[in-house]
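User: I am new to this structure and would like a close look at one part of it, the place where two helices pack together. Please set it in the context of the whole chain.

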Amino acid sequence: MIPNPLRDPRDRRLPRVPEPCALVVFGITGDLARKKLLPAVYDLANRGLLPTNFALLGFARRDWGDQDFAELARDAARNAARTPWREEVWERLAASVRFVQGSFDDDNAFDELANALSDLESSHGIGGNAAFYLSIPPAMFPVVLKQMQRTRMAESTPDRWRRVVVEKPFGTDLASSRELNELVDSVFSAEDVFRIDHYLGKETVQNLMALRFANELFEPVWNGHHVDSVQITMAEDVGIGGRAGFYERTGAARDVLQNHLLQLLALTAMEEPVEFSADEIRTEKLKVLRAVSLPEDLRTFAVRGQYEQGWLAGQRARGYRQEEGVDEASTTETYAAVRLGVETRRWAGVPFYLRTGKRLPRRVTEIALVFKRAPHLPFADTDTEELGNNQLVVRVQPDEGVTLKFGSKVPGSVMEVRDVSMDFLYGEQFTEASPEAYERLLLDVLLGDATLFPRNAEVEASWSVIDPLEEFWAGSTPEPYRAGEWGPRAADQMLAAEGRRWRRP
């Protein structure tokens, strides 16, 4: 008998669509839900990637009915949708939208939520399957998780699944992370917990694995024999906005370095997995995170800064301490840079420079492999004085793509070699626009695909890197830098100490 190729789980000609299910969002009226989650749900429906039997259930403190909530959800989806707006798609979704009002410590409200979810099983045929998205402050996780345990909403059975999505930050240090992990794992089984890092949902981050492992061109030189250093940058041109309460408790290192940048480091430095499955990819990433070493001289190679007032894009930008809700004597960092090592056979001796900051000149996230300089024996010094190191740059955002920088002769009668660039842009090469990160990640949650979600061990390994930095920085004052600059002077001196300099994105 000839097997049907469309029934092969590896076949990609038909899109994967989840089983009938419900998505329950706690904190549905917050910024994340309105700007990311609701538009992602609409875009998935518009692309035909949601099951016919699907329900959206919101929970928040506001006293709204189903109709009020449906209008808010519609406005949020329409304002931020990536795909064209089609009223008939929204009307199908709106018929399955429900809202439950209450506070997180209100037993009656959670009983009502459990009943509403139960009612949807019969009225919308969701089969008892549900994913719970905790779009709430981390301090509220224990209350909500215990309520879900009490109402038995978290219980999976052989004929239904229940999953939970936890937003970063995953704790504030290693101890609190372990405490949070134990709490989550006491309510949900480990395979049903999805810790979401939206950077891992970006198409370019996933392309990093394709670039390395699907091509013979790059992998042979992707090691310390050829690479001089690796720079991973996440720069933002905005300030903290209205997030002073969160940012004062967190800072740049906990907010970005611990998760986004260390995850990008792990994907850059990992070995080739035996297959592209969640377990195998996580195994390779975890090896890298456990092999990360901190510099002995933290005073030189770990820098944090705080932006002062300056000029950005032709406009006056206030300093961090002048932001609403920020302590006038705040020592919270808005910039962090550190030199790390990866003590594996592939990367021993290669410095990994990580930096993140707010109020920098432009918004950009990139991974740059800076290669060793070739011996220029045949050339006179004047022939190559304009030539820098070869570079391979993966741009995560914006202008998603890859740049290869190498030397080429300048046309003319004399030998002169300068840097030139070859660019690959996603937007120009492919007709289909890349899905938003939350689109991909929400779909993976509903499908039960945990490939792009870090597990406990990865989170704890990351905190093992960050905790010593936070301990070293405790009680110190961040280095100042003006808004619109690429960070404090000490960050430039950090690379200059080893004869290097930051790449200008």
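Analyst: Two residues are in contact here when heavy atoms of theirs lie within 4.5 Å. The model is a predicted one.

With that meaning of contact, Asp107, Phe110 and Asp111 of helix α4 meet Val144, Gln147, Met148 and Arg150 of helix α5. Sorted by class, the residues in this contact are 3 nonpolar, 1 polar and 3 charged. Helix α4 covers residues 107-123, and helix α5 covers residues 141-150. Their axes are 10 Å apart and form an angle of about 55 degrees. Angles from 65 to 115 degrees would count as roughly perpendicular and those under 35 as roughly parallel, so α4 and α5 are oblique to each other. The crossing of these two helices is right-handed.

As for the whole chain, α4 and α5 belong to a protein chain with 14 helices and 18 strands. Of its 505 residues, 54% are buried. Among contacts in the chain with a separation of 6 or more, 77% are between residues 24 or more positions apart.

Another helix gives an example of contacts made by a single residue. Asparagine 456 lies in helix α13, which spans residues 456-473. Setting aside neighbours within four places in sequence, asparagine 456 is in contact with Asn181, Asp185 and Arg195. With one of these, aspartate 185, the asparagine 456 side chain makes a polar contact, side chain to side chain, at 2.7 Å.

Technical notes
Residues are numbered from 1 along each chain as its sequence is written. This is a predicted model: local features need pLDDT of at least 70, side-chain atom pairs count only at pLDDT 80 or more; totals for chains, interfaces and linings use all residues. Side-chain values use heavy atoms; hydrogens and water are left out. Helices (H or I, at least four residues) and strands (E, at least two) are DSSP runs, numbered from the N terminus. A polar contact is a pair of N or O atoms within 3.5 Å; within protein, one must be able to donate a hydrogen and the other to accept it, and residues adjacent in sequence count only if both atoms are side-chain atoms. Axes are lines fitted to C-alpha atoms, for helices over the stretch in contact, and angles run from 0 to 180 degrees between N-to-C directions. Angles under 35 degrees count as roughly parallel, over 145 as roughly antiparallel, 65 to 115 as roughly perpendicular and the rest as oblique. A crossing is left-handed if the near helix is turned anticlockwise from the far one by less than a right angle, and right-handed if clockwise. Ala, Val, Leu, Ile, Met, Phe, Trp, Tyr, Cys and Pro count as nonpolar, Asp, Glu, Lys and Arg as charged, and the others, Gly among them, as polar. Buried means under 20% relative accessible area, exposed over 50%, partly exposed in between (1.4 Å probe, protein chains only).
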